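Welcome, and please open your viewer. We will go from stop to stop, with something to select at each one.

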Amino acid sequence: MGFISAVRDIGRARIEGTPFYQDTDLRLLQLPLTPSSDSERGQDAILVGLRVEDPMSPVLHIQGVEKLELRAYWAQGLGLDEQKRRYCYKEPAGTNVTWGYSPVYRLRRPKKNSLNDLLGSDGRLAKLRRTVLDEYERSGVFSAGSVDLIMEQITQRAKELAELWSDSKRDYILVLGVFHQDRLLYPGDVPAFVGYYKNKIKTQIHNSSFPGTCVVCHTQSDQCVNLDQVFAFATFDKPGFLPGMRSTNMARSKVFPICLTCFSELHLGRGHLDTHFCDRKTIWGINIYIAPELIFDSRSPMSLNDRFEDFIRVGVRTEESLFRSLARRDEALVYHFVFWESQQAQERIHLMVEDVPPSHLKQLESVWIETAEILQFGNERKTLDYALGEVIRVITSLAGESEQDKKTMQMCAISVIGKLLNNERVDVRTIKTIAVSRFPGLIHDENWLKFGPANARRLAAVVDFLNRCAGRR
C-alpha cells in the first residue's frame, strides 16, 4: 500500500494547486503524447480550425474547415495540468472502439509518402472519421451533415495537410478546434467538446461502477471501480485465474475496489508519475517508477512540506545522475520503486521495492566509490547511477544470442538492483558462476574480445561492489 498511498498523495498535491481539478471528471484527463526525453524526436500538433455558428453552443453547427495550422505540441509557458485541460484528452476505452473522449487523433510519425497514407478507405482520414468524428454526430454534438462536410473539405486540403505532417523524426497529433474571432480554440476551450467528454466519463465509468468498501480510504461507497482502471497490472479477462476471474461486480468488489474520489486522485497521480517520476533510460525497455512519499507528523516544519510540494511539481531529472539526486533529498522522504514493462495494452510488473530512504542510496553510492577508487575510475564514474548501470550492463552482457536468454539475464539484473535497493543480500557466487560458464563462448566473440580487458575489469568492479554491499548489511 505504500506505493498506492504515495501515488494518491501526488494526485492530491496536484489537485490543491489546480482549481479546475475540483471537478473530479477533469482529474481523469491525460496527455495525447507523453513528453519526449529524446531531443532528436520532436512533437507537433496540427490544428484543424472548424468554422461554426456559435462556438459556445452545446450543439456545434459546422460550416466548414477554416484553417489548418502547425503548432508546437507543448506550448511554452503552460504547465502539465493546463496542457491536459487544453486538449481535453483521455485514452480511448480500447483499440476497437468507434469513439473517443476527445476530438484528437494521434497521427504519430509520417511514412515516406504521407499523402497516400492520409487518403484511401484505410487511410488516416478514414480512420479519423470512423474512430473519432462519427460519434460526435451520432451523439448530437455536431449537427446533421457536419461530418460529411468536414471530411469533404479536409480531403480537398489533404496535400496541405500532408505538407504539415512531413517530418519523420517528429510525432504528430491532429486536433479539431474551433476558429473564432481570428484565433483557434482548443477542445478544452469549447463547451460542446468538454460536455461530450464528461458525458463519456459518465457512461463509461460512473454508470459501470459498483458498491463496495474502498481499499484506500476504507469508506463505504455506492460507486467504486477497480484498480485496473488506473494500473493495467491485473485484468479480468482470464476466467479461473486469480485475480482475473469473470468480470462481475461481485468479483471486482473482492479484488481492489476504490471509490471514485480515490480513483480520480490515483489517476491524476499516475499521470504525474508517467511524466515526472518515470525513468526509461536505466534499463532498456523497462520503466522505473520512483514515487516519493513524505513521512512527517504535525510537528514537522512547514518548510519540509513546501520542499516536498516543490519536488512533486518539478519531478526527477532523468537526463543526469538520477539516483545521486534522489540520495541527496530530505531524510523525511522515502521512495517506492516499481519496475514494469509495457506489453501492448497490458503492463507487467517485474519488481516493486517500497520504503527506500535517501540514506540507503547514499550508503550504496559510498560503497561504490570505494570500489571505483581501488580500480582507479575517474570521478565521472563515481556515482550511484554509474554503479547501477554497470551492474545492469555487465550482467546482461553475459547473455547468449537467443532473445529468451537475453530476457532472462535482464530479469536477473533487475532482481540484483531490487535486492540492492531493498538492502538484501545478493548471491554474488551465482553471478560469478554464470560469468565463468559464459567465458568459453565470450572469448570466441570478436566484439567482446575487442574490449576484453575492459570487460573483465568491469566484471571485477561489479563483483567487488556487490561483495562490499553484502558486507555492510
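The structure holds 31 salt bridges. Keep in mind along the way that this is a predicted model.

**Stop 1: a salt bridge in a helix**

Select arginine 138 and glutamate 135 and show their side chains. These two residues form a salt bridge, and their closest N and O atoms are 2.9 Å apart. Now color helix α4, residues 124-138. Arginine 138 and glutamate 135 lie 3 residues apart in α4, so about one helical turn separates them.

**Stop 2: a sheet of three strands**

Next, select strands β6, β7 and β8. They form an open sheet in just that order, β6-β7-β8, with antiparallel pairing. Which strands stand at the edges? They are β6 (210-213) and β8 (257-259), each of which pairs on one side only. Rotate the view and look at how the strands are turned: on average, neighbouring strands of this sheet make 65 degrees with each other, direction ignored.

Zoom in on β6 and on strand β7, residues 220-226. The two run antiparallel and are joined by 3 bridges. To find one pairing, pick glycine 212, whose bridge partner in β7 is serine 221.

Before leaving, add helix α9, residues 260-276. This helix packs on the sheet and touches β7 and β8, and its direction makes about 95 degrees with that of β8.

**Stop 3: a sheet of four strands**

Hide that sheet and select β9, β10, β11 and β12. Here 4 strands form an open sheet in the order β9-β10-β11-β12, and the pairing is antiparallel. At the edges are β9 (278-279) and β12 (346-356); each has a single partner strand, so one side of each has no neighbour in the sheet.

Move to β10 (residues 287-294) and β11 (residues 333-343). How many bridges pair these two strands? They are paired over 8 bridges, in the antiparallel sense. Tyrosine 289 is a good residue to click on: its bridge partner in β11 is valine 338.

Two helices can now be added to the view. Helix α1, residues 2-16, lies across β10, β11 and β12 and runs at about 75 degrees to β10. Helix α14, residues 403-421, lies across β11 and β12, and runs at about 20 degrees to β12.

**Stop 4: from α14 to α13**

Keep α14 on screen and add α13. The two helices pack at an angle of about 150 degrees, with their axes 8 Å apart. They are therefore roughly antiparallel to each other, and their crossing is right-handed.

Show the side chains where they meet. From α13 come Leu388, Val391, Ile392, Ile395 and Thr396, while α14 brings Met409, Gln410, Cys412, Ala413, Val416, Ile417 and Leu420. Sorted by class, this contact has 10 nonpolar and 2 polar residues, with no charged ones.

**Stop 5: from α13 to α17**

Stay with α13 (residues 384-397) and select helix α17 (residues 452-471). These helices pack at about 120 degrees, and their axes are 10 Å apart. That angle makes α13 oblique to α17. Is the crossing left-handed or right-handed? The crossing of α13 and α17 is left-handed.

On the α13 side, the contact is made by Ala387, Glu390, Val391, Arg393 and Val394; on the α17 side, by Arg458, Leu459, Val462 and Phe465. In this contact, 6 residues are nonpolar, none are polar and 3 are charged. Val391 is worth a second click, as one of the α13 residues that meet α14 and one of those in the contact with α17.

**Stop 6: α12 on α17**

For the last stop, keep α17 and add helix α12, residues 358-374. Their axes come within 9 Å and cross at roughly 135 degrees, and α12 and α17 are therefore oblique to each other. This crossing is right-handed.

Leu364, Val367, Trp368, Glu370, Thr371 and Ile374 of α12 meet Ala461, Asp464, Phe465, Arg468 and Cys469 of α17. The residues of this contact divide into 7 nonpolar, 1 polar and 3 charged. Finish on Phe465 of α17, which is among the residues that meet α12 and also part of the contact with α13.

Methods: Residues numbered from 1 in each chain as written. Predicted model: local features only at pLDDT ≥ 70, side-chain atom pairs only at ≥ 80, totals over all residues. Heavy atoms only, no water. Axes fitted to C-alpha atoms, helices over the stretch in contact; angles between N-to-C directions. Parallel < 35°, antiparallel > 145°, perpendicular 65-115°, else oblique. Left-handed = near helix turned anticlockwise from the far one by under 90°. Contact = heavy atoms within 4.5 Å. Nonpolar A, V, L, I, M, F, W, Y, C, P; charged D, E, K, R; others polar. Pairing = 2+ DSSP bridges. Salt bridge = Lys/Arg side-chain N within 4 Å of Asp/Glu carboxyl O.
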